[in-house]
Amino acid sequence: MSSTATPEASGHSHDDGHGHDGHAHGHAEQNFFLKYFWSTDHKIIGFQYLFTGMFMALIGGFAVYAFRMQIAFPGMSVPGYGRVTATDYNALVTTHGSVMIFWVAMPVLIAALGNYLIPLMIGADDMVFPRLNRLSYQLFLLSIVVLIASFFVQGGAFGGAWTSYPPLSAKPEYNLTPLGAPMWLVAVALEFAAFLLGGINFVTTLMNSRAPGMKMFDVPIVIWMIVIASILFMASVGPLVAGAIMLLFDQTVGTGFFDPKKGGDPVLWQHLFWFFGHPEVYVVLLPAMGIVAEVITTFSRKKLFAYKTVIYTAVGTGALSFFVWAHHQFIAGIDPRMANIFSVTTLLISIPVAEMVFVYIATLFGGSIRLTTPMLWALAFIGEFLLGGVTGIFLGSSGADIYFHDTYFVIAHFHYTFFPIAFIAVFAAVTYWFPKMFGKYMNEAWGKVHFWGTIIPFNFIFIPLFLLGARGDHRRIYDYTHFPDLMKPGMQDLRVLATLSLVVLLAFQVVFLVNYFYSAFKGPKAEANPWKANTLEWQAPSPPPHGNFPEGLPTVYRGPYEYSHPDRQDDHWPQNSPS
Amino acid sequence: MLTLACAVCGGGPDPARGSYIVMSIIISLLPLAMLGGILAWVIISARAAEAAPQKTDDGGLPS
Amino acid sequence: MDATLDPARSPAPTPRTRRQVVPSAVLGTLFFVVAEVMLFSGMISAFTISKAGALPGMWPMPGQPRLPAEATALNTVLLLLSGVVLFVSQRLFQKKSPVAHWVTLAAWALGASFVALQGVEWTALLASGLTLTSSPLGSFFYLIVGGHALHAVGALLALGWAWLQMARGKLSPGFFFGTQTFWYFVVLMWPVIYARVYF
């Protein structure tokens with residue numbers, strides 16, 4: 001690169017990062033540790049996040065297995081865990097919730113895919129601040145160390161649910177985890193710091209490192225979505241960090257921010273938490289939507305219907321997402337005037353999200369659809385997420401929510417949104433970009449076995465929970481046999497059905513893990529652009545070397561979705577192809 | 001106003017409820033205002049950079 | 001790094017970079033500042049709500065000292081002044097003026113005196129019985145003002161490093177502008193905190 005760039009253009013970290021492209025060829029072989037654990041290469045950092053996220057998913061999955069077994073078969077000794085005590089039950093539920101959201105969905109959807117894809121898809125050699133990026137992963141790893149350590153301290157892991165409401169979370173007398181609770185908070189705070197650094201990197205990289213010729217409206221949807229999501233994250237996380245510091249003081253120093261006896265207000269925490277907590281839903285939803293956009297355009301060989309509309313609706317969703325958070329507190333004692341307003345905004349936000357779904361269906365319409373494994377996942381995402389969205393209408397109406405609040409209906413609803421986001425869309429992404437990441441193919445047949453083995457049990461877990469919730473089944477109960485009203489005929493059968501389906505679903509993940517790791521090493525070799533896709537990452541070799549584009553950074557001539565162009569013989573038209 | 005039927009709604013002294021509403025409005029609008037400001041600044045700078053003579057090594061391509 | 005990169009040896013076509021419409025360091029810092037502003041607005045809104053919800057006559061709690069609003073006005077002026085001086089130093093730096101680093105040092109000194117005076121104020125308040133746990137006002141005071149002080153100290157460390165590098169003539173503009181953006185945040189956040197918390 002030349003030094004004629006304006007002097008203020010090159011921050012000092014920036015210089016270090018772009019030092020790479022000069023060394024891309026005569027790059028000295030680093031030792032294993034430096035290459036995989038101390039790397040500033042965005043692809044390695046993406047892999048670090050991806051594999052850490054996968055590992056945490058195993059922990060989250062194990063936790064749900066243990067506590068669901070307790071719900072279905074109260075008092076039994078769970079194989080692989082032992083007897084689940086009431087304290088264990090709380091800790092397991094909390095671990096499952098916080099791990100799946102903060103340590104699986106966030107790192108995989110935002111950090112792993114963002115790090116891996118952003119520089120590749122915008123035609124850059126690396127992030128703008130590579131060392132900040134490395135620090136981000138290190139902080140994230142530290143947060144996991146703190147979290148996992150909290151499982152083994154005196155009193156065990158925190159058991160106050162992932163929402164961590166005071167007074168339960170604020171006082172060791174109530175939650176009985178004098179060490180687990182503050183450690184959980186510290187872990188969450190560290191994790192946020194990590195994503196803050198990552199988000200800063202994503203935004204600046206998209207702004208300042210796009211390949212020559214790439215306009216903002218030539219950027220693939222998934223990159224837009226990840227960047228909009230990181231901006232949402234950065235803008236909404238502040239109040240929760242403020243609340244977390246206050247809660248940490250309440251737990252450790254003895255202040256009374258959330259203690260009415262000392263002049264505090266417990267509902268205040270809920271505001272601070274959900275101010276972040278609801279935008280967080282859209283933080284993970286938008287990247288998932290972006291993945292689906294990439295996959296369905298590639299496999300229906302059609303231009304994305306209304307590219308700009310998708311971006312504007314994503315921005316609109318993001319803006320609206322700041323005005324919906326109090327719908328989590330309809331019966332927590334908030335002002336009814338507020339409940340009305342938030343009811344309306346909550347129902348409003350379904351419009352842009354529905355619009356995105358319509359755009360995807362319109363893209364599919366008339367395309368030559370290939371039902372590969374990633375495509376199956378993407379289609380399943382649209383269908384399953386739709387169910388989650390539609391059931392949200394019931395909960396968003398403040399009147400209906402009075403009945404549904406804290407029932408299994410809520411659980412089924414948000415799992416119908418979060419599972420498609422954090423797993424279905426992620427499986428679409430992982431299988432779609434696998435040839436790029438490893439230069440190998442995954443096994444299609446086993447991929448489809450895994451797909452059906454996940455989708456069918458998934459519905460068999462949560463449809464029973466909808467039924468239970470509609471019958472008033474209350475959540476956060478350790479042993480239903482103590483509640484005759486919740487043990488009416490059929491209710492326990494539905495719980496058992498959900499639990500057994502869960503076991504089946506978890507068992508099928510073994511298929512995926514074996515397929516994934518076997519293919520990564522022994523799979524058939526993949527060419528650079530196996531799906532005949534247009535975006536820039538497919539124009540780099542598979543797997544891309546350090547510096548990404550060995551023949552120099554690409555120049556972009558057109559948008560990312562020029563499939564089946566009438567004037568061309570080829571049905572795809574790579575963004576960097578001059579003609 | 002179905003929510004008024006709810007027994008737990010509308011607790012707390014009135015000034016606190018009022019300030020909840022005011023603070024909710026401020027805290028919800030603030031991020032949008034800041035992000036909008038940054039976006040406007042970036043767009044204005046981009047326009048200015050386009051108007052100014054090119055001195056980049058962009059290969060003369062529009063950015 | 002450019003000196004080591006011989007264009008003749010690098011693969012054709014030479015990797016090109018986009019001109020940065022907004023410098024990366026400034027843009028990155030700006031987004032960090034957005035998150036920080038939201039952090040403080042979370043704390044200040046919590047403070048406002050708790051204050052409004054306090055029982056009559058309980059804010060500030062009887063027997064608790066008043067916050068020294070008048071004495072802090074001087075601090076506020078010092079801090080604002082430091083922001084102005086830093087702005088001047090940026091102008092000088094861009095003109096490659098040889099006195100730029102002295103002006104930066106002046107801004108640093110003004111900022112440091114703000115932190116020092118805050119420290120003096122804290123010791124007086126602690127001595128008169130306002131502690132973190134003595135009352136909601138005390139809790140919020142140390143939370144918000146302490147949070148701001150921590151940011152000020154962090155920013156001062158960065159600014160001090162910038163001054164050192166500037167004096168040696170080795171300062172990278174990106175670092176300076178990023179630090180400067182952050183210092184403006186520290187400066188401009190303070191009047192809001194002062195107006196909300198002290199009165």
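Select A:S164 to begin: with 23 C-beta neighbours inside 10 Å, this residue counts as buried, and its place is in the loop between helix 5 and helix 6 of chain A. Although A:S164 is not a glycine, its phi is positive, at about 55 degrees. Bear in mind throughout that the model is predicted, and that the values along the route are computed from it.

Remain in that loop and move to A:P167, which lies between helix 5 (130-150) and helix 6 (172-175) of chain A. Display the backbone here, since a cis peptide bond joins A:P166 and A:P167, with omega at about 5 degrees. A further cis peptide bond joins A:S542 and A:P543, where omega is about -15 degrees; to reach A:P543, go to the segment after helix 16 (491-522) of chain A.

Now show the whole of chain A, which has 16 helices and two strands. Along its principal axes the C-alpha trace of chain A spans about 70 × 50 × 50 Å. A compact globule of 579 residues would have a radius of gyration near 25 Å, and chain A, with 24 Å, agrees with that expectation. If you colour chain A by burial, buried residues make up 57% of its 579 residues. Of the contacts in chain A with a separation of 6 or more, 82% are between residues 24 or more positions apart.

For the interior, select A:A105, A:I223, A:V292, A:A422 and A:A428, which touch the most other members of the largest nonpolar core, a set of 241 residues. Centre the view on A:A422; leaving out residues up to four places away in sequence, A:A422 touches A:M100, A:V104, A:A105, A:L109 and A:V284.

Next, display helix 4 (residues 86-121) and helix 14 (residues 408-438) of chain A together. These two helices pack at an angle of about 35 degrees with their axes 11 Å apart, and the crossing of helix 4 and helix 14 of chain A is left-handed. On the helix 4 side of chain A, select A:M100, A:V104, A:A105, A:V108, A:L109 and A:L113, which meet A:F418, A:I421, A:A422, A:V426 and A:A429 in helix 14 of chain A.

Which residues does A:I228 contact, leaving aside its neighbours within four places in sequence? Select A:I228 in helix 8 (residues 221-252) of chain A, and the contacts to look for are A:L286, A:A314, A:V315 and A:G318. A:I228 and A:L286 are 58 residues apart in sequence, yet their C-alpha atoms are 7.8 Å apart in space. Because 22 other C-beta atoms lie within 10 Å of A:I228, this residue is buried.

From there, go to A:A306, in the loop between helix 9 and helix 10 of chain A. A:A306 has a positive phi of about 60 degrees although it is not a glycine, and with 16 C-beta neighbours inside 10 Å it counts as partly exposed.

Helix 11 of chain A (residues 336-364) is the next selection. Its 29 residues should span 42 Å at 1.5 Å a residue, and the 43 Å between its end C-alpha atoms agrees with this. Buried positions in helix 11 of chain A include A:M338, A:F342, A:I349, A:P352, A:M356 and A:Y360. The buried residues of helix 11 of chain A pack against helix 9 (266-300), helix 10 (307-320), helix 12 (373-396) and helix 13 (398-404) of chain A, and also against helix 1 (14-51) of chain B. Just beyond, A:G366 follows helix 11 of chain A and has a positive phi, near 80 degrees.

Since helix 11 of chain A has brought chain B into view, turn to chain B, whose secondary structure comes to one helix and zero strands. Buried residues make up 17% of the 63 residues in chain B.

Finish in chain C with helix 3 (residues 100-127), whose 28 residues reach 41 Å from the first C-alpha to the last, close to the 40 Å expected at 1.5 Å a residue. Among the buried residues of helix 3 of chain C are C:H101, C:T104, C:W108, C:G111, C:F114 and C:L125. The buried residues of helix 3 of chain C pack against helix 2 (69-94) and helix 4 (136-168) of chain C. The last stop is C:G129, just after helix 3 of chain C, where phi is positive at about 105 degrees.

Terms used:
Residues are numbered from 1 along each chain as its sequence is written. Chains are lettered from A and ligands numbered from 1 in the order in which they are written. This is a predicted model: local features need pLDDT of at least 70, side-chain atom pairs count only at pLDDT 80 or more; totals for chains, interfaces and linings use all residues. A nonpolar core is a set of buried Ala, Val, Leu, Ile, Met, Phe, Trp, Tyr and Cys residues joined through C-beta atoms within 7 Å. A residue is buried if 20 or more other C-beta atoms lie within 10 Å of its own, exposed if 12 or fewer, and partly exposed in between; C-beta atoms are placed from the backbone. Two residues are in contact if their C-beta atoms, placed from the backbone, lie within 7 Å. Helices (H or I, at least four residues) and strands (E, at least two) are DSSP runs, numbered from the N terminus. The expected span of a helix is 1.5 Å times one less than its number of residues. The radius of gyration is taken over C-alpha atoms; the globule rule is 2.2 Å times the number of residues to the power 0.38. Axes are lines fitted to C-alpha atoms, for helices over the stretch in contact, and angles run from 0 to 180 degrees between N-to-C directions. A crossing is left-handed if the near helix is turned anticlockwise from the far one by less than a right angle, and right-handed if clockwise.
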